[in-house]
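I opened my notebook to jot down what I looked up in this one, in the order I got to it.

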Amino acid sequence: MATAPPDRPSTSVEDYVKVIYDLQERGAGPVTISAMAERLSVSNSSVSGMLRKLGELGLVDHRRYGSVQLTETGTKAALAVLRRHRLLETYLVEALGYSWDEVHEEAEELEHAVSDKFVDRIAEHLGDPVVDPHGDPIPTRDGKVVQRATGLLSEAGAGTSGTIVRVNDTDPELLRYLAEQNIGIGMRIEVVERQPFGGSLIVRIGSGEEARERSLGLVAAEALWIGRP
């Protein structure tokens, strides 16, 4: 397993603050111990123990039975590791020919080992991209993030249209499915119909003569973010 350089938080600390930030960023409600445990594939008690340590380090605010929030210091640490992760994903796709379903696990390992100088060189080589291959925003070196008006496709009503701007990258099988269905970043999508009782969505993808309709399951719809025109 990759180890963090001596001037950085430990690998486990970086993993935790990154997950907390990601859960906050995607707007899934208050960050809870159970949500963190599910994302990290650990027990609730393991999360509770680490949160005590993160609190002592001044990285999180958390009271028993309450939600988890990053402090300013914790947010800074999270943005630093997210910058490395998302730039590595971009480099793996654009320079080394990886597919978008292959890069998440590779970047998970590399993000703890590479130097900030190396990551800055990657950013310069790629022209300082602002999003990664999945549409996730890449923090700048000074911790700024480009904000965009987006919404989950799963929450969009019939008649809603927009452009796919972001895809959840945590499930490689889902990413492969979307690629097989030719659904990706930058495509126009419109909700034609919502099936009742939390069922699938009928969507129209593309525009003009190339537009096509298909059924999209709720799991896939919950992984797609659209930008409103």
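**Entry 1: a nonpolar patch**

I went to the surface and picked out a nonpolar patch in this predicted model. Val130, Val131 and Val146 form the patch, and together they have about 210 Å² of accessible area. I then looked up where Val131 sits: the loop between α6 (116-125) and β3 (150-152). Is Val131 buried, exposed or partly exposed? I noted a relative accessible area of 30%, so Val131 goes down as partly exposed.

**Entry 2: the whole chain**

Next I zoomed out. I wrote down eight helices and eight strands for the chain. The radius of gyration is 19 Å, close to the 17 Å that the globule rule gives for 229 residues, so the chain is as compact as a globular protein of that length. Along its principal axes, I have the C-alpha trace spanning about 55 × 45 × 30 Å.

How much of the chain is buried? My note says that 43% of the 229 residues are buried residues. The accessible surface comes to about 12,200 Å², and carbon and sulfur atoms own 49% of that. I also looked up contacts: of those with a separation of 6 or more, 62% are between residues 24 or more positions apart.

**Entry 3: helix α7**

I spent a while on α7, which runs over residues 172-180. Its buried residues are Leu174, Leu175 and Leu178. They cover an arc of only 100° around the axis, which puts them on the same side of α7. Here I scribbled a reminder from class: an α-helix has 3.6 residues a turn, so residues three or four places apart point the same way.

What sits on the face turned away from the buried side of α7? I found the exposed residues Glu173 and Glu180 there. As for what covers the buried residues of α7, my list includes β4 (161-167), α8 (218-221) and β8 (224-227).

**Entry 4: salt bridges**

The count of salt bridges comes to 16. I didn't write them all up, just a few.

I started with Arg86 and Asp22, whose closest N and O atoms are 3.8 Å apart. This pair links distant parts of the chain: Arg86 is in helix α4 (residues 72-94), Asp22 is in helix α1 (residues 11-25), and they are 64 residues apart. Are these two charged partners buried or exposed? Arg86 has 3% relative accessibility, so I put it down as buried. Asp22 has 7%, and with buried meaning under 20%, Asp22 counts as buried as well.

Then I checked Glu25 and Arg166, whose side chains meet in a salt bridge at 3.0 Å, N to O. This pair also links distant parts of the chain, with Glu25 in helix α1 and Arg166 in strand β4, 141 residues apart. Glu25 is partly exposed at 22% relative accessibility, whereas Arg166 is buried, with a relative accessible area of 7%. Which residues do salt bridges with shared partners join into one network? I wrote down Asp22, Glu25, Arg39, Arg86, Asp136 and Arg166.

One more pair for the page: the side chains of Glu190 and Arg188 meet in a salt bridge at 3.8 Å, N to O. Arg188 counts as partly exposed, at 36% relative accessibility.

**Entry 5: two aspartates**

I went back to Asp22 in helix α1. What does Asp22 touch, leaving aside its neighbours within four places in sequence? I found Arg39 and Arg86 in contact with it. I also looked up how far Asp22 is from Arg166: their C-alpha atoms are separated by 13 Å, and the two residues are 144 residues apart along the chain.

Last, I turned to Asp120, which is found in helix α6. Its relative accessibility is 18%, so Asp120 counts as buried. Leaving aside neighbours within four places in sequence, I have Asp120 in contact with Arg83 and Arg141.

Conventions:
Residues numbered from 1 in each chain as written. Predicted model: local features only at pLDDT ≥ 70, side-chain atom pairs only at ≥ 80, totals over all residues. Heavy atoms only, no water. Patch = residues over 30% accessible without salt bridge, like charges linked within 9 Å, V, L, I, M, F, W, Y side chains within 5 Å. Areas by Shrake-Rupley, 256 points an atom, 1.4 Å probe, with all protein chains shown as cover. Salt bridge = Lys/Arg side-chain N within 4 Å of Asp/Glu carboxyl O. Helix = DSSP H or I, 4+ residues; strand = E, 2+ residues; numbered from the N terminus. Buried < 20%, exposed > 50% of the residue type's maximum accessible area, 1.4 Å probe, protein only. Rg over C-alpha atoms; globule rule 2.2 N^0.38 Å. Contact = heavy atoms within 4.5 Å. Arc of directions from axis to C-beta.
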